[in-house]
Amino acid sequence: MSTNMVAANATYQSAERVLTLLASFEDGRPELSVTEIAGVLGVHKSTASRLAATLERTGFLARSGKRYRLGVEIIRLGSLALRSADIVARLQPAMEKLSQLTGETINLAVPAGPDILNVAEVPSTFILNSSGGWIGRRTKPHAVANGKVLLAFGAIPMPASLERYTEHTICSVPVLEAQLAEIRQDGYAKAAAELEDGLVAVAAPVFGPDGGCVAALSISGPGYRMPPEKLDELGRLCTTC
């Protein structure tokens, strides 16, 4: 093997390690120690330490005591990506319209592997609301309306396990599959207190040029403003915007 090939392989390996490390941060694991980084990457602690230090110098990681978290450069790039994303720009008028008609929180979510990723939000106009902190948040699909839409229309695979969040969370695959069939028939999904008590949402699919589902548009709010008898009306409204 030539020297150039060895150097190229080393470069690819380093890039892969960086991407694997950055992608390993999530809501349940916002910080990592050097030992944990080494475990994620399958490398020696000294290698993990050098990599973390390099990413810290360039702003991609920040030190929190003896642990590391994502740095400000990730925030900058993420904000730039969201602002430039075609789908966010394309759906912004629909989100604004839904916000004006309902006053509730409007979210746009896209597939992110087996999860969903919230990429845009129009905050509720009510003081008591479900706004804030959704952009950039990953959620398991079976417990939220926009996730059920992405499942129903084949944008993400059926989860390997169905984690329970409340007493209303669907944790049975046959029950979930039956509901997904109803969603395909109705054209919208509903979720009432399945992720968090009191939180209710409806969602509709967003289709791309090839006819495939590429995102989900949702309306969410507290249960007392979005009672069961109102959800079908809101679901149909979501499909028309």
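This tour proceeds from the whole chain to its sheet, then to a loop residue and a pair of helices.

**The whole chain**

Begin with the complete protein chain, bearing in mind that this is a predicted model. The C-alpha trace spans about 65 × 40 × 40 Å along its principal axes. Colouring by secondary structure should bring out 8 helices and 9 strands. Of the 241 residues of the chain, 42% count as buried. Among contacts between residues at least 6 apart in sequence, 53% join residues at least 24 apart.

**The sheet**

Next, select strands β4 to β9, which form an open sheet of 6 strands. Read across the sheet, the order is β6-β5-β4-β9-β8-β7, and the pairing is antiparallel. The edges are formed by β6 (138-139) and β7 (189-192), each of which pairs on one side only. As background, strands of a sheet pair through backbone hydrogen bonds, either parallel or antiparallel.

**Strand β9 and its two neighbours**

Centre the view on residues 213-222, strand β9. How many of the residues of β9 are buried? The count is 9 of the 10, so this strand is largely enclosed by the rest of the structure.

On one side, add strand β4, residues 105-112. The two strands run antiparallel and are joined by 5 bridges. To locate the register, pick Ile 106, whose bridge partner in β9 is Ile 219.

On the other side, add strand β8, residues 199-207, which pairs with β9 in the antiparallel sense over 9 bridges. Two pairs may be labelled here: Leu 199 stands opposite Pro 222 of β9, and Pro 205 has Ala 216 of β9 as its bridge partner. Strand β8 is itself mostly covered, with 8 of its 9 residues buried. Follow the chain from β8 into β9 and a hairpin appears, with 5 residues between the strands. Within this hairpin, select Gly 211, which takes a positive phi near 90°.

**Outward to β5**

Return to β4 and display strand β5, residues 115-122. These strands pair in the antiparallel sense over 7 bridges. Pro 111 may be labelled together with its bridge partner in β5, Ile 116.

**Outward to β7**

Now move to the β7 edge of the sheet. Strands β7 and β8 run antiparallel and are joined by 4 bridges. Lys 190 stands opposite Val 202 in β8. The two strands form a hairpin with 6 residues between them, and the residue to select in its turn is Ala 193. What is notable about the phi of Ala 193? The angle is near 55°, a positive value in a residue other than glycine. Is Ala 193 buried or exposed? At 12% relative accessibility, Ala 193 counts as buried, because the cut-off for that class is under 20%.

**Arg 225, after the last strand**

Continue past β9 into the loop that leads to α8 (228-240), and select Arg 225. This arginine is buried, with a relative accessible area of 14%. Show side chains and look for Glu 104: a polar contact of 2.7 Å joins the side chains of Arg 225 and Glu 104.

**Helices α6 and α7**

Finally, select helix α6, residues 145-152, and helix α7, residues 173-186. In general, two packed helices are described by the angle between their axes and the distance between the axes. Here the helices pack at an angle of about 85°, with their axes 9 Å apart. That angle makes α6 roughly perpendicular to α7. Display the side chains at the contact: Lys 148, Leu 151 and Ala 152 come from α6, while α7 contributes Leu 176, Gln 179, Leu 180, Ile 183 and Arg 184. By class, these residues divide into 5 nonpolar, 1 polar and 2 charged.

Keep α6 selected and consider its surroundings. Of its 8 residues, 8 are buried, so the helix is largely enclosed by the rest of the structure. The buried residues include Asn 146 and Lys 148, alongside Val 149 and Leu 150. Which elements cover the buried residues of α6? The cover includes helix α7 and the strands β4, β5, β7, β8 and β9. Lastly, step just beyond the helix to Gly 154, which takes a positive phi of about 75°.

How values were computed. Residues are numbered from 1 along each chain as its sequence is written. This is a predicted model: local features need pLDDT of at least 70, side-chain atom pairs count only at pLDDT 80 or more; totals for chains, interfaces and linings use all residues. Side-chain values use heavy atoms; hydrogens and water are left out. Buried means under 20% relative accessible area, exposed over 50%, partly exposed in between (1.4 Å probe, protein chains only). Two strands pair if DSSP finds at least two bridges between them. A polar contact is a pair of N or O atoms within 3.5 Å; within protein, one must be able to donate a hydrogen and the other to accept it, and residues adjacent in sequence count only if both atoms are side-chain atoms. Axes are lines fitted to C-alpha atoms, for helices over the stretch in contact, and angles run from 0 to 180 degrees between N-to-C directions. Angles under 35 degrees count as roughly parallel, over 145 as roughly antiparallel, 65 to 115 as roughly perpendicular and the rest as oblique. Contact means heavy atoms within 4.5 Å. Ala, Val, Leu, Ile, Met, Phe, Trp, Tyr, Cys and Pro count as nonpolar, Asp, Glu, Lys and Arg as charged, and the others, Gly among them, as polar.
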